[in-house]
Amino acid sequence: MFGFIKKSLKKTTDAIKTIVPKKKPFITKEELEDILLEADVEYELVELIIGEIPQEKVTREILRSKLLATFAYASYKEPEFTPPFVELIVGVNGAGKTTTIAKLTSYYKAQGNSVILGAADTFRAAAIEQLTLWAQKLDVPIVSSKQGHDPSAVAYDTISSAKAKNIDRVIIDTAGRLHTQTNLANELKKIVRICDKAHSGAPHRTLLVLDGTQGNSAIAQAKAFNEMIGIDGIIITKLDGTAKGGSVFSIAFALELPILFIGTGEQPENLTPFDKYEFVDGILDAIFEETPTTEKEKKEKVES
Ligand SMILES: Nc1nc2c(ncn2[C@@H]2O[C@H](COP(=O)(O)OP(=O)(O)OP(=O)(O)O)[C@@H](O)[C@H]2O)c(=O)[nH]1
Ligand SMILES: [Mg+2]
């Protein structure tokens with residue numbers, strides 16, 4: 001899995017190279033400000049990072065600690081649960097929910113887990129078809145109903161089926177848009193309620209899928225979903241197609257939510273667990289000359 005995050009940062013590091021074409025032992029604060037803004041780190045966070053660095057020369061070590069600190073509040077602890085583990089996937093239209101569900105399915109299967117999908121995006125017929133195709137391709141069962149039917153009933157049936165068949169993991173797709181935002185909020189809240197009815201404690205994890213090409217504009221979206229139903233973790237998709245990789249810092253910092261996975265392409269295998277060290281080093285490598293990893297950094301890496 002190693003190297004995928006760095007590779008997906010290619011467009012972002014290309015953008016950084018327009019500011020520092022040649023790698024340096026240190027940069028000035030002014031250069032740092034330009035680099036961070038170019039990578040689409042939100043302005044307020046840029047100011048905060050710059051303000052926290054007293055010295056004029058910014059070294060790799062200084063910047064590394066500041067960038068890692070943006071993830072400080074964003075840790076994730078797996079909840080206690082009785083199987084099946086139920087996950088609800090939410091996000092706006094086109095963010096990459098359905099594709100991400102295919103990726104998660106293939107990831108969990110590779111770990112030896114059995115998976116069942118719930119097509120609770122009943123708003124569009126095409127959404128049900130898309131998930132059904134993935135289920136066939138990935139050889140996992142799926143529960144669906146007709147377009148316009150109650151999505152929470154689909155969620156209930158999927159969980160019941162998982163219990164009856166002793167399936168390890170349930171992944172539920174949801175609609176990204178309804179006629180109004182209030183409709184969407186009510187529908188998602190109802191799905192959450194019904195999941196708990198079907199299996200106490202479910203959903204065990206509600207994941208928000210954000211389109212990485214939207215950069216910082218995804219923050220407002222994420223806040224809205226978090227207020228609606230409470231988000232446990234974030235998946236950022238399409239990082240491979242954007243120079244806005246720096247927005248990952250702003251998203252984690254603004255929401256204080258863990259980024260769990262990164263989408264790095266359109267195929268089921270293009271999902272990688274988020275590793276903040278690899279992410280930060282991927283950015284730093286574009287700016288600074290190589291320095292050997294210190295013992296302390298090695299230790300941090302092992303502990304993480
Ligand atoms: N390059 C790239 N494309 C992606 C990634 N994830 C999703 N996509 C593409 O983004 C488009 C939208 O993905 P979907 O999975 O259909 O998005 P959705 O959130 O389910 O959309 P709705 O069902 O309309 O709400 C598709 O063309 C995907 O192939 C990614 O990590 N990288
Ligand atoms: Mg979809």
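**Exercise 1. Decide how far strand β3 is enclosed by the rest of the structure.**

Six of the six residues of β3 are buried, so the strand is largely enclosed by the rest of the structure. Buried means 20 or more other C-beta atoms within 10 Å of the residue's own, exposed means 12 or fewer, and partly exposed lies in between, with C-beta atoms placed from the backbone. Strands (E, at least two residues) and helices (H or I, at least four) are DSSP runs, numbered from the N terminus. Next, split the strand by side. Phe 85, Glu 87 and Ile 89 point one way. Val 86, Leu 88 and Val 90 point the other way.

This is a predicted model: local features need pLDDT of at least 70, side-chain atom pairs count only at pLDDT 80 or more, and totals for chains, interfaces and linings use all residues. Residues are numbered from 1 along each chain as its sequence is written, while chains are lettered from A and ligands numbered from 1 in the order in which they are written.

**Exercise 2. Place β3 in its sheet.**

Start with the strand order. Eight strands form an open, mixed sheet: β5-β4-β6-β3-β7-β8-β9-β10. Two strands pair if DSSP finds at least two bridges between them. β5 (142-143) and β10 (271-273) are the edge strands, each pairing on one side only.

Now take the neighbours of β3. Five bridges join β3 (residues 85-90) to β6 (residues 169-174), and the two run parallel. Glu 87 stands opposite Ile 171 in β6, and Leu 88 stands opposite Ile 172 there. With β7, the pairing is also parallel, over four bridges. Here Leu 88 stands opposite Thr 206.

**Exercise 3. Test the length of helix α12 and list its buried residues.**

Expected span is 1.5 Å times one less than the number of residues. For the 12 residues of α12 (residues 276-287) that should be 16 Å; the end C-alpha atoms are 17 Å apart, which agrees. The buried residues are Lys 276, Phe 279, Val 280, Asp 281, Gly 282, Ile 283, Ala 286 and Ile 287.

**Exercise 4. Describe the shell around ligand 1.**

Count a residue as near if its C-beta atom, placed from the backbone, lies within 6 Å of the molecule. Of the 20 residues around ligand 1, Gly 96, Thr 98, Thr 99, Gly 176 and Gly 263 come nearest. Then sort by class: two nonpolar, 13 polar and five charged. Ala, Val, Leu, Ile, Met, Phe, Trp, Tyr, Cys and Pro count as nonpolar, Asp, Glu, Lys and Arg as charged, and the others, Gly among them, as polar. Finally, sort by element. Helix α6 (residues 97-110) gives the largest share, three residues.
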